[in-house]
Amino acid sequence: MKKRGIVRRLTALLLALTLPALAGCSGKAEAETAGTANRTVQKKVQAAAEPDYTKDVVQGSALFQKNGVIFWSCDDQLCSALIGEDGLPYDFVSEGSVGADIYYVAVYDGALYLATDIGIIRLPIDQAQEEQGYGVVLGSDRLSIEGFQIYEDYIYYTYGYSLYRIPVEPGEGEELEENITRMQVTSKGIYCLNREGELLLVSLDGMERKTLCKLDSQGDIGVFGDKAYITTGEAEDYIYVYDLEQDELEELELEEDICPYYPVWVWEGKLYYNSKDYELYCMDLSTGKEEELPTSFDLPDYSEGFILDGFGYYKLSNSIHWAKLGEDLSGQLDADQALSKTAAYDIARNIGVGYDKTEFLYSDYFVLNMPDFPSDWDYEVLSKTAFQIFHYPSRDAGCGGNVVSIMAYDKDDDSYEILPHYTVAGESRDKIYIACFPTDVQYSRETEKGWRQLSEFMQHIDVDDADNPFSCAWSA
């Protein structure tokens, strides 16, 4: 399988896999670590006494996340975008074609795995950076709605109602179990629901099986930490919770009837579910207290998306949806349109620094005047539609140093309205320029004075401010 042009994000991704986690200015290490993806990257570091049976399981997904890069497909094209500090996707790019329609994506052990209509394609990332890289087709099954999961060098999936596994290197596949509707791979084995609604535990090699409970469930199963959360597939006011440590089952009562079409998700000790009226609810698992959340968001199937840093993301049809759980912050974007709109425009075209009484930053599309006092500023191009001004002593101190990000939006795109702190910097014939300001600490104790002085100057970026240092030509 010849690869054509899948290069842009993968170099950065390969580099990110080799970098150690860095501590922020507060001294707290990042909770997320390389080597986990989708269902596993959703879960922050848990208490040592609580096992996490899926922490090394990679869930192939229609929208897959790795190190702040999201991947999805548009027919035979592998596409990608970045997740910004505000949690929103940006910089949409087509990485290239693999010559077959793609349904699910995963990254595992230095390789891309793509579930396609001709089978699962394995493409090593180092080969993906080469013009003549080649992928290997593993098996020929077109996967069901469950997608696939990777664990300890095997790919597990359902085809029809049978459970299979194949090695990540070319080799023979094998059928492990029949009559399976849902499955979740764990380090203890594969927890499955069968067509009779029974909960089974099948060994990773398929040599052993055990019926754990007869639940009459036609719903979903998701394992978070050391518990399996199982919906009934009906509009009931309870779900099943199976303790993997104690091999015990209980019914967890809910205040509302659950929507039978969606699974439940667990994030940082809270369970999220959609009611039968399609409202989003949250239960604190330690207290049992529930609340209705203001966000209008349909929880994704486990093979559709993921939860990361309190945001939910998924791909449905050609749209990417996201929401911040617990806040009235949500949105969606037609990914195909985003790809076409960002293909030609480049906010940093011919970017440079000039001087006319004071320094200024310019490109073919804008001019940003800088202060007349020493400000220790610098800039970074984030994407074809965004750049950032930062205070470099604060960045050198490991504190980010971000002062303002300028982002270009199409006139018919108002998705910036969900940003927490922004102003309209300027407008051209085709674009509206948004200044987004940080909402967290970006300086150290030693660099605070310089950062604040630069930040106060940049706060004038606003079309309604007479001292606005940003300008753009109407025709640009």
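Trainee: Which residues are buried in helix α5 (residues 448-458)?
Mentor: This is a predicted model, in which local features need pLDDT of at least 70 and side-chain atom pairs count only at pLDDT 80 or more, while totals for chains, interfaces and linings use all residues. Residues are numbered from 1 along each chain as its sequence is written, and side-chain values use heavy atoms, with hydrogens and water left out. Helices (H or I, at least four residues) and strands (E, at least two) are DSSP runs numbered from the N terminus; buried means under 20% relative accessible area, exposed over 50% and partly exposed in between, with a 1.4 Å probe and protein chains only. By that rule the buried residues of α5 are Trp451, Leu454, Ser455 and Met458.

Trainee: Why are these residues on the same side of α5?
Mentor: The arc is taken from the directions between the helix axis and the C-beta atoms. The buried residues lie on the same side because they cover an arc of only 100°.

Trainee: Which exposed residues are on the face of α5 turned away from its buried side?
Mentor: The buried side is covered by elements including β33 (377-383), β34 (386-391), α4 (392-396) and β35 (402-410). The face turned away from it carries the exposed residues Lys449 and Glu456.

Trainee: Is Gln388 buried or exposed, and which side chain does a polar contact of 2.7 Å join to that of Gln388?
Mentor: Gln388 is found in strand β34. Its relative accessibility is 6%, so Gln388 counts as buried. A polar contact is a pair of N or O atoms within 3.5 Å; within protein, one must be able to donate a hydrogen and the other to accept it, and residues adjacent in sequence count only if both atoms are side-chain atoms. At 2.7 Å, the partner of Gln388 is Arg395.

Trainee: Which strands stand at the edges of the open sheet β26-β27-β28-β29?
Mentor: Two strands pair if DSSP finds at least two bridges between them, and the pairing in this sheet of four strands is antiparallel. An edge strand has a single partner, so one side of it is left without a neighbour in the sheet. Those strands are β26 (305-308) and β29 (329-334).

Trainee: Which strand gives the largest share of the largest nonpolar core?
Mentor: A nonpolar core is a set of buried Ala, Val, Leu, Ile, Met, Phe, Trp, Tyr and Cys residues joined through side-chain atoms within 4.5 Å. This one has 30 residues, and Val105, Tyr113, Leu114, Phe148, Ile150 and Ile155 touch the most other members. The largest share, six residues, comes from β6.

Note on methods: Contact = heavy atoms within 4.5 Å.
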